[in-house]
Amino acid sequence: MKTSLYIVSTPIGNIIDFTMRGVEILNTVDIILCEDTRITNKLLVNNSINKPLVVYNDHNVDIIIPKVIDNILNNNKVYALVSDAGTPLISDPGYKLVNACIKNNIKYTAIPGPCAAINALVLSGLPSDKFLFIGFFNSKKLDEIKDIDNTIIMYESPNRIIGTLEYIKNSDKFKYSNIVVVREMTKIFEEVVRGNAEYLIDHFNKNKPRGEFVILLSQQKETLNNNEEMLNNYLDLINLLVYKISLKDTSIVISKYTKINKNTVYNFIKSLHND
Ligand code: SAM
């Protein structure tokens, strides 16, 4: 039985992250299903691929799937499915097409490649042995999580990032999480920012959020000891204060600012001076 559907992963920003096999497959299929023809067209032009594009998204999935299945079964056509970025099915309706293939005994396969959730987990430094991906942030989804020992991964947009961090800050379940925000992966302005909700809100109030974001949360004890790493972000301020006011008063100010326990801050500054 020949393969009739290829699920092809594409780059999440850096256009040369496209696999050779992905390019080869797109060059051989009859039709490419995509979310936005303008975005996929850029990818095709960049790789000298010339194939017809058909839009497949949340709005037309019920109309497109029967047509695709009919075209595969009765006209022997071969399709590829791509998303705007990364791995299809991850936060898009691709699984419905895979499901239809299974029901119709159609052979399909996946051409692996980048995925923002996995790339962010790799960059975060948070425990990666047990994680839970919840797609785009939604307060209900977060509140429903029972096993909070998982590293939680969620997608977010630039205009909602501060609101989401505020939600985490005020959540009884997650307010003590160690948070990592990963931005613009594989692109020029790739950034990984770590800290508690308070620190990150302050960071993004000072640096207007731009681009694409993934937020990761961990409640594991080993990551909650990341205070030292966070205090390292305030070294300039600490050094300035400690020469103007006492060590004790500096600890009070920094503790208030970072929400890190006063004694922890005190011991951290003291260790700097011992060095
Ligand atoms: N299918 C994709 C994947 O494999 O990750 C994700 C598609 S989802 C609709 C788009 C979201 O993924 C963005 O809003 C953002 O949260 C995240 N994302 C995609 N590319 C990213 C990047 N380069 N840096 C950070 N986040 C990214």
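In this predicted model, a nitrogen atom of the ligand lies 2.7 Å from a polar backbone atom of I12. Two further pairs involve oxygen atoms of the ligand: one such atom is 2.8 Å from a polar backbone atom of A116, and an oxygen atom is also found 2.6 Å from a polar backbone atom of F213. Taken alone, the ligand would expose 580 Å², and the protein buries 91% of that area.

It helps to look next at the company the ligand keeps. The shell around the ligand holds 18 residues, and those that come nearest are I12, T87, A116, Y155 and F213. By character, the shell divides into 10 nonpolar, four polar and four charged residues. Two strands deserve a glance here: β7 (151–156) and β10 (213–218) each supply at least two residues of this shell. As for the space that the ligand takes up, this is the largest pocket.

The wider layout of the chain puts these details in context. The domain assignment of the protein chain gives domain 1 (5–114), domain 2 (117–219) and domain 3 (225–274). Where does the ligand lie with respect to domain 1 and domain 2? Both of these domains give residues to the shell around the ligand, so the ligand lies between them. Turning to domain 3, its centre and that of domain 1 are separated by 52 Å, with the centres taken over C-alpha atoms.

Conventions. Residues numbered from 1 in each chain as written. Predicted model: local features only at pLDDT ≥ 70, side-chain atom pairs only at ≥ 80, totals over all residues. Heavy atoms only, no water. Near = heavy atom within 4 Å. Polar contact = N/O pair within 3.5 Å; in protein donor to acceptor, adjacent residues only side chain to side chain. Areas by Shrake-Rupley, 256 points an atom, 1.4 Å probe, with all protein chains shown as cover. 1 Å grid on protein atoms, 1.4 Å probe; cavity = no way out; pocket = protein on both sides within 12 Å on 5 of 7 lines; lining within 4 Å. Sits in = over half its atoms within 2 Å of the grid points. Helix = DSSP H or I, 4+ residues; strand = E, 2+ residues; numbered from the N terminus. Nonpolar A, V, L, I, M, F, W, Y, C, P; charged D, E, K, R; others polar. Domains from an automatic or database assignment.
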